[in-house]
Amino acid sequence: MTPQEVLAELTALQAGDVPTHGGSTMAYVYDAGLAGLEDLAAAAQAAFQWTNALDPTAFPSVARIEDDLVGAAADLLGGGPATVGTVTSGGTESCLLAVLAARERWRARGGSGRPRLLLPVTAHAAFRKAAHLFDLDVVDVAVDPLTCRALPSAVAAELDARAALVVVSAPSYPHGVLDPVGEVAALAAAAGVPCHVDACIGGWVLPFLDDVPEPFDLSVPGVTSLSVDLHKYGYAPKGVSVLLTAEPELRQGHWFSTAGWPGYPVVNPTLAGTRPAGPMAAAWAVHRWLGRDGYADLARATRAATVALAEGAAAIPGLRVVGTPVATLVALAQDGPDGVDVLNLADETTARGWLLQPQPPFAQPGGADLPATLHLTVTGATAGRVDALLADLVDAARAAAALPRPVADPDLVAAAATIDPAALTVPEVDALLELAGVGGGRLPERMAPVHALVAALPRPVAERLLAGVLDLVYRPRRAAPTR
Ligand SMILES: *Cc1c(COP(=O)(O)O)cnc(C)c1O
């Protein structure tokens with residue numbers, strides 16, 4: 001084959017993907033909508049794609065790129081003179097390392113038993129993954145069911161000698177609302193517990209806005225670390241985030257070094273060994289090109305579009321906006337018992353060419369449950385299309401209101417209640433998924449009933465089935481016949 005033929009095959013593979021550009025995919029992708037950005041990022045990435053960021057002494061260019069990115073983040077997000085940081089592969093890795101660093105600090109200070117990670121339930125799922133990987137107990141802390149903000153009193157009630165870290169979000173991914181960072185960080189500091197601000201999604205937007213209700217960054221007393229993703233509103237291609245720590249000792253806690261093998265001495269700042277430098281170089285190039293003014297213009301235009309979108313959506317009968325969105329995310333919920341079911345609404349907007357993310361209802365500890373929501377991430381490319389989006393939302397809401405409310409099959413729910421998920425074999429999970437309508441790993445056109453089922457199942461069963469979907473999606477394509 002010629003290289004052209006190979007590339008044509010690759011391009012053909014993308015035919016079934018959601019669009020990465022144009023602003024209609026309002027989760028997963030971030031399109032600034034600026035001509036020239038993509039070519040610049042691609043050229044920067046190409047120039048560094050063979051470089052190994054594993055060793056910044058062999059590749060001093062990489063150290064310089066990382067120092068510039070961390071410095072820019074510290075300047076933007078309230079870093080003090082002692083602030084340091086690490087460039088990671090994404091938000092999840094930044095969150096993982098923040099938890100690892102806090103656990104190491106807790107141990108170094110004599111913590112005994114199992115460390116606890118205090119999570120307002122709206123904190124990103126990446127922190128649950130961190131607790132799973134690094135052996136911490138998650139403490140689910142209820143949020144205010146109306147504002148969806150963390151409750152300082154609920155956090156305070158859990159601050160004990162085993163608390164290794166408290167997390168707050170700026171803003172939270174599910175609802176785009178700002179946690180009371182100052183209050184929570186002060187409580188944590190008084191108890192001698194570090195406090196991480198997850199600004200993965202908002203960290204490159206909020207600093208440019210003049211209507212942010214309260215301070216949220218490293219300048220807030222008690223905040224010890226902060227994560228911010230450049231592959232979100234830094235408008236860099238995938239694979240780059242920054243974890244800032246208020247002081248170098250904390251950063252040492254997530255670094256790993258060993259001289260305990262006969263190979264080269266190993267010092268890894270992140271989870272990876274060999275590290276791609278391409279995404280960092282692309283982030284550096286986009287940052288250098290846009291500059292503070294470029295980002296400020298984008299953030300303000302996108303924020304204005306978000307405000308217009310939220311106002312327009314709140315005016316649609318049967319829908320309401322959850323809490324007070326502070327950045328460029330909006331969550332819509334059913335307004336009143338006769339309002340529009342947002343899981344049905346998600347299917348109807350999908351049919352109209354948008355990807356808005358359905359978020360199932362959530363049972364909080366203490367019983368003040370959170371409603372199902374529809375999540376919209378507004379980026380530069382969506383900003384110019386708010387009127388079209390609102391028109392489609394109005395139409396989709398009308399269509400969704402005419403649909404039966406999605407309910408989980410009661411027989412399936414009753415059967416699932418008796419299942420021990422840990423005992424299920426892979427074929428048994430496959431069979432259950434078949435019953436649930438997602439056989440063969442192909443998702444049905446209407447997802448509302450599936451989301452309703454996920455919400456109705458015991459959480460461990462739902463989690464086992466979700467992993468089962470991936471098991472069906474990822475089936476190796478073998479050239480040789482298999483028996
Ligand atoms: C996106 C996000 C993460 C996780 O980041 P990934 O880059 O998807 O790994 C963590 N926290 C928040 C608030 C996010 O929006």
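Modeller: A residue is called exposed when its relative accessible area is over 50%, buried when that area is under 20%, and partly exposed in between. The structure is a predicted model.

Colleague: Why is Tyr 28 called exposed?

Modeller: The relative accessible area of Tyr 28 is 52%. The cut-off for exposed is over 50%, so Tyr 28 counts as exposed. Tyr 28 sits in the loop between helix 1 (3-13) and helix 2 (37-48).

Colleague: What is the phi of Tyr 28?

Modeller: Phi is about 75 degrees in Tyr 28, a positive value although the residue is not a glycine. Most residues other than glycine have a negative phi.

Colleague: How do you know whether Cys 148 is buried or exposed?

Modeller: Cys 148 has 0% relative accessibility. Buried requires a value under 20%, so Cys 148 counts as buried. Cys 148 also has a positive phi, near 60 degrees, without being a glycine. Cys 148 belongs to the loop between strand 3 (137-141) and helix 6 (152-156).

Colleague: What makes Val 394 partly exposed?

Modeller: Its relative accessibility is 34%. Partly exposed lies between the cut-offs of 20% and 50%, so that is the class Val 394 gets. Val 394 is part of helix 12 (residues 386-401). Its C-alpha atom is 9.4 Å from that of Ala 315, and the two residues are 79 apart along the chain.

Colleague: Why is Gln 364 called buried?

Modeller: Gln 364 has a relative accessible area of 5%. Set against the limit of under 20%, this value makes Gln 364 buried. Gln 364 lies in the loop between strand 12 and strand 13 (373-377). Among the residues that Gln 364 touches beyond four places in sequence are Val 121, Val 141, Pro 145 and Leu 370.

Colleague: How do you know that the class of Thr 88 is right, and where does Thr 88 lie?

Modeller: With a relative accessibility of 4% against a limit of under 20%, Thr 88 counts as buried. Thr 88 is placed in strand 1 (residues 84-88). Beyond four places in sequence, its contacts include Leu 97, Val 240, Leu 243 and Thr 270.

Colleague: What does the side chain of Thr 88 reach?

Modeller: The side chain of Thr 88 reaches the backbone oxygen of Gly 90 at 3.0 Å. A polar contact needs a pair of N or O atoms within 3.5 Å, and the 3.0 Å for this pair meets that distance limit.

Colleague: Which residues are around the ligand?

Modeller: The residues around the ligand include Gly 90, Gly 91, Cys 95, His 124, Tyr 173, Asp 198, Asp 229 and Lys 232. Helix 4 (residues 91-108) supplies the largest share of this shell, with three residues.

Colleague: What is the distance from Asp 198 to a nitrogen atom of the ligand?

Modeller: An N or O atom in the side chain of Asp 198 is 2.6 Å from a nitrogen atom of the ligand. Oxygen atoms of the ligand are involved with Gly 91 and Asp 229: a backbone N or O atom of Gly 91 lies 2.9 Å from one, and a polar side-chain atom of Asp 229 lies 3.4 Å from one. The ligand has 380 Å² of accessible area on its own, and the protein covers 85% of that.

Colleague: Which residues touch the most other members of the largest nonpolar core?

Modeller: That core has 70 residues, and Trp 204 and Leu 244 touch the most other members. Helix 9 (residues 278-314) gives the most to this core, with 10 residues. Domain 1 (43-285) and domain 2 (292-401) each supply at least three residues of this core. A second, separate core has 29 residues, including Ile 316, Val 330, Leu 343 and Leu 356.

Colleague: Which residues does Leu 244 touch?

Modeller: Beyond four places in sequence, Leu 244 touches Val 70, Leu 77, Val 84, Leu 218 and Leu 226, among others.

Colleague: How many residues of domain 1 are in contact with domain 2?

Modeller: In domain 1, 31 residues are in contact with 31 residues of domain 2. The centres of these two domains, taken over C-alpha atoms, are 27 Å apart. The protein also has a domain 3 (410-473).

Colleague: Which residues of helix 15 are buried?

Modeller: In helix 15 (residues 448-456), the buried residues are Ala 448, Val 450, His 451, Ala 452 and Leu 453. Their cover includes helix 10 (342-351), strand 12 (357-359) and helix 13 (410-417).

Colleague: What is the omega of the peptide bond from Ala 170 to Pro 171?

Modeller: Omega is near -10 degrees, and the bond from Ala 170 to Pro 171 is cis. Most peptide bonds are trans. Pro 171 is in the loop between strand 4 (163-169) and helix 7 (181-190).

How values were computed: Residues are numbered from 1 along each chain as its sequence is written. This is a predicted model: local features need pLDDT of at least 70, side-chain atom pairs count only at pLDDT 80 or more; totals for chains, interfaces and linings use all residues. Side-chain values use heavy atoms; hydrogens and water are left out. A nonpolar core is a set of buried Ala, Val, Leu, Ile, Met, Phe, Trp, Tyr and Cys residues joined through side-chain atoms within 4.5 Å. Buried means under 20% relative accessible area, exposed over 50%, partly exposed in between (1.4 Å probe, protein chains only). Helices (H or I, at least four residues) and strands (E, at least two) are DSSP runs, numbered from the N terminus. Domain bounds come from an automatic or database domain assignment. Contact means heavy atoms within 4.5 Å. A residue is near a molecule or strand if one of its heavy atoms lies within 4 Å of it. A polar contact is a pair of N or O atoms within 3.5 Å; within protein, one must be able to donate a hydrogen and the other to accept it, and residues adjacent in sequence count only if both atoms are side-chain atoms. Accessible areas come from the Shrake-Rupley method with a 1.4 Å probe; for residues, only the protein chains shown count as cover.
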